[in-house]
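Got your viewer open? Let's take a short walk through this one, stop by stop.

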Amino acid sequence: MKYENPKLRQMLAAEYALGTLRGRARRRFERLARGETAVRSEIRFWESRLAGFAVGLEPQSPPPSVWFSLQHAIEASRPMVTPIRRPVAPPPVVTKAEPPPASAWRILAGLATAAGVVLAVLIGTRVPLPGEHGPAPAVATAPTPAPALALPPIYVSLLKLPDSDMQWTLALRPAADEITAVASGAYPKLGAHSLELWLITDAGPVSLGLLPTAGEGRLKLPANVAGAQLTLAVSLEPVGGSPTGQPTGPVLTSGPAIKAV
Amino acid sequence: MSYSTADNERLVRLLADTGLGDQRAFAQLYEACSSHLYALLLRMLKRRDWADEALQDCFLRVWQKADTYAPEKGTPLTWLLTVARYRALDLLRMKRPEVELPEEGEEAPMTFADVSESPEDRAVEREGLGMLRDCMKDLQDEQKRSVLLAYYEGYTHQELATVMKAPLGTVKSWVRRGLARLRECLER
C-alpha cells in the first residue's frame, strides 16, 4: 500500500480510529504510526474527535465489584500496609508523647477524634477522651461503666437485596467490635452460596463475616471505623465465605451505614 | 466536551498523580470517569459481564500506563474513552463472532433494530458534542449511519454490509466518504 499518499494516510488514520481498519492492514498501519509523528497526530485527531460520540452517552454507574477487583489487582502488584485491627486498649493515663503509631492508624484515630468532637458539638454532649472517665451520673445508682455514658458510636444500615424483599438491618458497634444483623424477607434461592458482608475502606474491602439468611446473627467488627458514614457491601461467595479474603463473587447490594449515636 | 476547563485540569492532575502511583488520585479518577467509560462499554458490548471486564481492564491499564498520557493525546476523558473503545473493539473481535452474527448472515443481528432507531438521536442531540454534531449533519444518511454503526457497534466493513443490506464495496465507500466529509468539516 502506498502510504506516501497523504489522502490515503488520512483515510487510514480515520478508519484506524473508527475501528474499521482490521487485521493485517491495522497492524501494518500501527507499525507505520510508531515511526511517523504525522501519522500519530492524524490518529489522535480522530481519536479525540470521535470520542465526542461517547461523551454524549448517558453516564452509567458500574457495579462496585469492578472497583473491588481493581483494588485487589492493584494491591496485589503493590502491597500496601494498613493495619485494620484496633490497637489494644488505650493507655489509661497519657503523660508523655507516645511513639508515633503506624500512619494509617494515626489518620483513622484522628478522624475518629475529629468525628467525636464534631458529634459532641452537634448534639451538645461531652464525649470523654480516651482514658478520661465520663461525668458522674446525677442520680447515684449502681456504678455504670463509662462506655454507656460516653455513648459509643453505633452505625446503622439497611441493605436490601435487589429483586426480592430480602433485607438486613445492621447495627455496628465499634466499641464492642460487634455487628448485629437481622435478616427479614424471603431469601431468594441463589444456590449453595454464602453471603459475605464487607466494609469498604481506603485500603480495600475488609470482610465482616457471613450474613444470616434468616433471623439474627452476630458478626465481628475487626476494623477501625470512624467518620459519619461507612460503606458496606454484600457479595455472593462460595459456602463458608471468600477463600481469598477479598470479594470473589458479584456484589449483590451495597449501601451506607450511618452514624446514629 | 461537557467537562469544564476546571474539571479537565483536575483530571490532568489526577492522571499525573496516578502515574506516580497515588492510589487516592486513581480512586478519584475512577470516580470521575468510570460512568462515562461504562456507558460506552455497555453501548458497544451490550453485556454487563463483558462491560465489567472491559472497564476493569481499561482502568488497570490506566493505572499501569497513566504516565504515558500527554495532553496532545486529547483531554484525559477523551483519552480514557479511546482506551476503553479500543479495548471494546478487541473484545468484540474475540467474542462476537460466536454470539452476535449468525453463520448465514441471513438475519440482521438484534442490535440492528436498536441502532436503526437512530443512535444520533440519543448521542448527537446531547450537548457537549458541539462541532462533531454539526459536522455530522453534512453527511448523507447512509454515510452517517455507517459511521455511527461502526463507532457504537464496532462493526467491520463486512458486518456493516450485512447489517445495512448493501454490497461490501458500497458500504466501504459510505464509510470513507463519510469520514472524508467529516474531516473537511472538523478542520474548518
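Which residue in β8(A) does A:Val156 stand opposite? Select A:Val156 and look across to β8(A): the partner there is A:Ile258. Keep in mind as you go that this is a predicted model.

**Stop one: strand β1 of chain A**

Now select residues 155–160 of chain A, which make up strand β1. One face is covered, with A:Tyr155, A:Ser157 and A:Leu159, while A:Val156, A:Leu158 and A:Lys160 sit on the uncovered face. That back-and-forth fits a general pattern: in a regular strand, side chains alternate between the two faces of the sheet.

Add β8(A), residues 251–259, to your selection: β1(A) runs antiparallel to it, and two bridges join them. Next, bring in β2(A), residues 167–173, which pairs with β1(A) over six bridges, again in the antiparallel sense. A:Val156 has an opposite number in this strand too, namely A:Ala171 in β2(A).

Follow the chain from β1(A) into β2(A) and you trace a hairpin, with six residues between the two strands. Pause in the turn at A:Asp163, where phi is positive, about 60°.

**Stop two: a loop further along chain A**

Go on to A:Asp177, in the loop between β2 and β3 (178–184) of chain A. It isn't a glycine, yet its phi is positive at about 55°. Is A:Asp177 buried or partly exposed? It counts as partly exposed, because it has 14 C-beta neighbours inside 10 Å.

**Stop three: helix α8 of chain B**

Hop over to chain B and select residues 141–153, helix α8. Its 13 residues reach 17 Å from the first C-alpha to the last, close to the 18 Å expected. Color by burial and you'll find α8(B) mostly covered, with 11 of the 13 residues buried. Among them are B:Val147, B:Leu148 and B:Leu149, along with B:Lys144 and B:Arg145. Right after the helix comes B:Gly154, with a positive phi near 65°.

**Stop four: where the chains meet**

Show both chains together: 46 residues of chain B are in contact with 34 residues of chain A. On the chain B side, α2 (23–45), α3 (48–65), α4 (76–99), α8 and α10 (168–187) each supply at least two residues. The largest share, 10 residues, comes from α2(B). By type, that side of chain B divides into 24 nonpolar, 14 polar and eight charged residues.

**Last stop: B:Lys165**

Finish in the loop between α9 (157–164) and α10 of chain B, where you'll find B:Lys165. Its phi is positive, near 50°, and it is a residue other than glycine. B:Lys165 is exposed, with 9 other C-beta atoms within 10 Å.

Note on methods:
Residues are numbered from 1 along each chain as its sequence is written. Chains are lettered from A and ligands numbered from 1 in the order in which they are written. This is a predicted model: local features need pLDDT of at least 70, side-chain atom pairs count only at pLDDT 80 or more; totals for chains, interfaces and linings use all residues. Helices (H or I, at least four residues) and strands (E, at least two) are DSSP runs, numbered from the N terminus. The expected span of a helix is 1.5 Å times one less than its number of residues. A residue is buried if 20 or more other C-beta atoms lie within 10 Å of its own, exposed if 12 or fewer, and partly exposed in between; C-beta atoms are placed from the backbone. Two strands pair if DSSP finds at least two bridges between them. Two residues are in contact if their C-beta atoms, placed from the backbone, lie within 7 Å. Ala, Val, Leu, Ile, Met, Phe, Trp, Tyr, Cys and Pro count as nonpolar, Asp, Glu, Lys and Arg as charged, and the others, Gly among them, as polar.
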